[in-house]
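Q: Please take a close look at one loop position in this model and say how it is placed. Then set it in its surroundings, with the helix packing and the chain as a whole.

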Amino acid sequence: LKEVLTEILKAAAVYHDFGKLDEISQQLLHGAIKFSKNVKMINHTDAGACILINFAREFAGKEDYDNMFKCLMSAILVTGHHIGMLQPERQSKRGITKADIFNNFTILRDKQRVLDRCPNYKNDVVNEYETVMSYNDKRIAQWEKGHNDCIDREYGFGESKLGPDGIVPLMIRLVLSCLVEGDHYDTTVHYSGRVVEDQVELKPALRLKALRSHVETLGKKKVKSKKEIKRNEIRKSLFNDCLKVPLTKSSYFNDGLVGTAKTYSGLCLGFRLAKKYNLRRIFIVAPFTKIINQTVKRLRESIVLENENSFHAVAEHHHNADYLKDNPDGDSKSAKLHTTHWNSPIICTTAVQFFETCASNHPSKLRKFNQIAGSVIIIDESDACVQLKYIRQCMKWLKILEDVFGCKGIFMSGSNVKF
């Protein structure tokens, strides 16, 4: 499966900007012509989809349906890396009908008239009714030759085969996320000359050591109340259990009662899982921003290592997050980039943000989705994170993240439901 997804991504990466070989697009990109309201590039994604669909037809003629499927998946990624995957409301503007779904894969092609969007092409179209699809089809052979000369090779699919379970939509979202992230990163570097700064590493062993030291310090505080003494004993017991529990499962349940420091004990288990399985990040997903605010405050006090920016190490991602208050560097832009792109090693976010990212087909949301792969996912207050009618789908996503994406899950709640 890894080889199949890699081949799909490579093909999409090679051909995603194929249509920019158009002569007018080249003049615009090189500054010979200036962009304006009525001077634009033709839809460059259509040409990339076209050539991949042509490859798919060739493979279909050879009855090589595995490679045909990979070509079509790559074409979907190329079509969607700006507008999103197969958006009906965007597709309908291109004059696509239901019949197109079964007609030579043309659902992926742009049937909008060239001049509707690009009046500057009036001298290059046959007539005012020529579509983007028709315009590109006449020039594909010429562009393909120039493209192959530039990259010094033709891209070919390998021998990887689809498994019996095929590919689920979440996997295609992951591949689109990788394509969009790479495309945006390269564009940023090209136009600004600024290389995005290195990401902060998780370093689970060091952070676990810092967490244990912090918890021990809290345990040494003097308390007079018998109830508080008893509560501290329970907290210590729960934390020690998470230090000793065998790491043999993909999901764990922490059903400690309210006030027993489940955040620390769950994070302790998360660091152990990250260390054993070489995982990249820890996501803490909670239903309410108030819980996230409290969690972030505690974590920035306990597990941020020496010489680290606390806003880069622990990200707080929700609509009301403040990227400047208490920021040691005073750089809100850098903190916001780490947070919104999920570049930090520990991300605290809302259930809405997390699961909407899993569900989205739009590049702006999916760009960060690839960061979930190889992570520990801690669902805090798991009984309240998702409405009952959405639980089955969300649990299905979490299962795929565990089985396919190498994630580990920890469900925490004083009234946990073991689905």
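A: A residue counts as buried under 20% relative accessible area and as exposed over 50%, and as partly exposed in between. The model is a predicted one, and the position to examine in it is Asn361, in the loop between α16 (351-359) and α17 (363-366). Asn361 has a relative accessibility of 24%, so it falls in the partly exposed class. In sequence Asn361 is 192 residues from Pro169, yet their C-alpha atoms are 9.7 Å apart in space.

That partner leads to a helix. Helix α9 covers residues 169-192, and its axis comes within 10 Å of the axis of helix α1 (residues 2-15), the two crossing at roughly 40 degrees. With that angle, α1 is oblique to α9. The crossing of these two helices is right-handed. On the α1 side the contact is made by Leu5, Ile8, Leu9, Ala12 and Ala13, and on the α9 side by Met171, Val175, Cys178 and Leu179. By class, the contact of α1 with α9 contains 9 nonpolar residues, with no polar and no charged ones.

A second helix pair can be set beside this one. Helix α12 (residues 262-277) packs on helix α13 (residues 289-302) at an angle of about 60 degrees, and their axes are 11 Å apart. At this angle α12 is therefore oblique to α13. The crossing of α12 and α13 is right-handed. Thr263, Tyr264 and Leu267 are the α12 residues in this contact, and they meet Thr295, Arg298, Leu299 and Ser302 of α13. The residues in the contact of α12 with α13 comprise 3 nonpolar, 3 polar and 1 charged.

Other loop positions deserve a look for their backbone. Ala261 lies in the loop between β1 (251-254) and α12. Its phi is near 60 degrees, which is a positive value in a residue other than glycine. Ala261 counts as partly exposed because its relative accessibility is 28%. Glu381 also has a positive phi without being a glycine, at near 50 degrees. The loop that holds Glu381 runs between β5 (375-380) and α18 (391-403). A relative accessible area of 26% makes Glu381 partly exposed.

Helix α18 itself contains Lys399. The relative accessible area of Lys399 is 45%, so this residue too is partly exposed. Between Lys399 and Gly409 the separation is 10 residues in sequence and 8.9 Å in space, C-alpha to C-alpha.

Now the chain as a whole. The protein chain has 18 helices and 6 strands. Of its 419 residues, 49% are buried; Asn361, at 24%, is partly exposed. Among contacts in the chain with a separation of 6 or more, 74% are between residues 24 or more positions apart. The exposed area of the protein chain is about 22,000 Å², of which 52% is supplied by carbon and sulfur atoms.

To return to the loop position: Asn361 sits between α16 and α17, and its C-alpha is 9.7 Å from that of Pro169. Residue 169 is where α9 begins, and α9 is the helix that crosses α1.

Methods. Residues are numbered from 1 along each chain as its sequence is written. This is a predicted model: local features need pLDDT of at least 70, side-chain atom pairs count only at pLDDT 80 or more; totals for chains, interfaces and linings use all residues. Side-chain values use heavy atoms; hydrogens and water are left out. Axes are lines fitted to C-alpha atoms, for helices over the stretch in contact, and angles run from 0 to 180 degrees between N-to-C directions. Helices (H or I, at least four residues) and strands (E, at least two) are DSSP runs, numbered from the N terminus. Angles under 35 degrees count as roughly parallel, over 145 as roughly antiparallel, 65 to 115 as roughly perpendicular and the rest as oblique. A crossing is left-handed if the near helix is turned anticlockwise from the far one by less than a right angle, and right-handed if clockwise. Contact means heavy atoms within 4.5 Å. Ala, Val, Leu, Ile, Met, Phe, Trp, Tyr, Cys and Pro count as nonpolar, Asp, Glu, Lys and Arg as charged, and the others, Gly among them, as polar. Buried means under 20% relative accessible area, exposed over 50%, partly exposed in between (1.4 Å probe, protein chains only). Accessible areas come from the Shrake-Rupley method with a 1.4 Å probe; for residues, only the protein chains shown count as cover.
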